[in-house]
Each structure stands twice: as C-alpha cells, then as structure tokens.
Amino acid sequence: IDHTRKIRHDIRQQLTVIKGMAQKKDHTALLAYIDNYLHHSGLQAVTTICDNYAANSLIQYYLAQAQVYKVATEHKISLPPKLPMDESDFAAILGNMLENALEACKAQTSGNRFLNVRAEMVGSSMLALSVTNSFSGLIEKEGEAFISSKRTGHQEGIGIASIKSLAAQYNGITSFEYQDQKFTAKVLLNF
C-alpha cells in the first residue's frame with residue numbers, strides 16, 4: 001500500500017517527463033524511460049491483449065487488480081486499433097463496466113470470484129461489450145435504476161448511469177442481467 005501510494009504521488013513528475021519526450025517526438029527515449037520506470041517501480045509490463053490501446057490498457061489494469069484480489073479472469077477481446085467512436089467515451093464505458101465488476105467481486109464474502117470480459121466489433125458498424133462477474137447475490141434496485149452500495153442517500157450508481165448515457169449517444173443498447181451470484185452487463189453500440 002505504501003509503495004502504491006508513493007507511485008501515485010510521484011506519477012505527476014513521471015508524466016511531466018513523459019510529456020516532454022512525447023512533445024520532442026523522441027520515441028526511443030520515451031520507450032526506454034517507460035521501460036525503466038516500469039522495471040524500477042515494480043509495475044509489471046504485461047502482454048498485449050488487443051490492438052486497441054484504450055481497451056488494452058484498461059483490461060490489463062483491471063485483470064491485474066483482479067489477480068491481487070484472487071478473482072479468476074477470462075477475456076476474449078478482438079478490437080481494431082481505431083474504433084469508430086471517441087476513445088474517451090469508449091474508455092468511460094469499458095472502464096465503468098470493469099470497475100463495477102471488480103468492486104462486486106471484491107465485496108463477495110463467499111463463493112468463487114470471477115470476472116469475464118468480451119469485446120468485439122460486429123461488422124463494421126457495431127461494437128459489443130460484455131462483462132460477467134460474480135457478486136454477493138444482493139441487488140438493490142429502484143425501478144430500472146441500480147442503487148449504489150458505495151453512495152449514501154439511496155442513489156443510482158454513477159458508473160451504470162454513465163454507461164447508459166454514453167451508450168445512448170451511440171444509438172446503443174444496454175442490458176444488465178443478474179441471477180444467483182452472476183451479474184452480466186452488456187453494451188451494444190451502433191455507429
């Protein structure tokens with residue numbers, strides 16, 4: 001925890017150096033600096049999961065976090081380097097799906113913990129995302145809204161609300177299904 005706290009504190013300085021190298025377009029020095037930082041910080045360099053940078057980064061991060069909490073993971077990702085949508089919107093959707101899933105797994109006090117991620121283009125105009133995870137079996141809803149266990153005041157979870165809102169911008173469909181101790185969030189985006 002202390003090591004992670006130090007890394008978080010120092011990241012501002014690291015990003016300043018990285019930004020300077022990127023502005024100079026010194027890719028060789030930039031890659032060497034990042035490799036050195038990863039090695040000395042204790043962070044692991046991980047293998048490439050898919051060609052899309054945003055998906056690759058998010059999935060690597062959450063799979064590593066899942067490993068720390070002894071959550072079994074599976075993934076099947078087939079995404080091109082460039083998606084037909086704003087990368088920040090995509091990152092917000094996928095990131096919220098993964099964060100919610102991992103939080104649910106971490107809150108589990110019994111049973112097997114698991115997190116499965118699927119992402120693929122369906123033809124050239126649709127993107128399908130699916131995250132299935134174990135959870136405690138307890139869900140609180142008000143109408144169609146899932147009530148957050150992290151927020152006070154009986155409020156809808158911000159992550160799910162964000163996923164729904166962003167999916168709507170891309171003529172998307174969201175689906176949240178649960179049974180026993182298995183929760184599945186699905187998003188289909190149309191371009």
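Contact here means heavy atoms within 4.5 Å. Helices (H or I, at least four residues) and strands (E, at least two) are DSSP runs, numbered from the N terminus. The model is predicted: local features need pLDDT of at least 70, side-chain atom pairs count only at pLDDT 80 or more, and totals for chains, interfaces and linings use all residues. Residues are numbered from 1 along each chain as its sequence is written, and side-chain values use heavy atoms, with hydrogens and water left out.

Helix α3 covers residues 53–68. Its expected span is 1.5 Å times one less than its number of residues. For the 16 residues of α3 this gives 22 Å, and the end C-alpha atoms lie 23 Å apart, which agrees. N52 caps the N-terminal end of α3. A side-chain oxygen of N52 lies 3.2 Å from the backbone nitrogen of A54. After α3 comes K70, with a positive phi near 55°.

Several residues of α3 are buried (under 20% relative accessible area, with a 1.4 Å probe and protein chains only; exposed is over 50%, partly exposed in between). They are A54, A55, N56, L58, I59, Q60, Y62, L63 and A66. Their cover includes β1 (72–78), α4 and β2.

Helix α4 spans residues 87–107. Its 21 residues should extend 30 Å, and its end C-alpha atoms are 30 Å apart, in agreement. Buried residues of α4 include D89, F90, I93, L94 and M97. L98, A101, L102 and C105 are also among them. An α-helix has 3.6 residues a turn, so residues three or four places apart point the same way. The cover over the buried residues of α4 includes α3, β2 (114–122), β3 (126–134), α5 (158–169) and β7 (182–190).

A nonpolar core is a set of buried Ala, Val, Leu, Ile, Met, Phe, Trp, Tyr and Cys residues joined through side-chain atoms within 4.5 Å. The largest has 40 residues. I59, L79, F90, I93, L98, L127 and L129 touch the most other members. At least two residues of this core come from each of α3, α4, β2, β3, α5 and β7. Helix α4 gives the most, with eight residues.

F90 touches N52, A54, A55, L79, L83, M85, L127 and L129, leaving aside residues up to four places away in sequence. L83 sits in the loop between β1 and α4. L83 is buried, at 2% relative accessible area. With the same sequence neighbours left out, L83 touches N52, F90, M121 and L127. L83 and M126 are 43 residues apart in sequence, yet their C-alpha atoms are 10.0 Å apart in space.

Conventions:
Polar contact = N/O pair within 3.5 Å; in protein donor to acceptor, adjacent residues only side chain to side chain.
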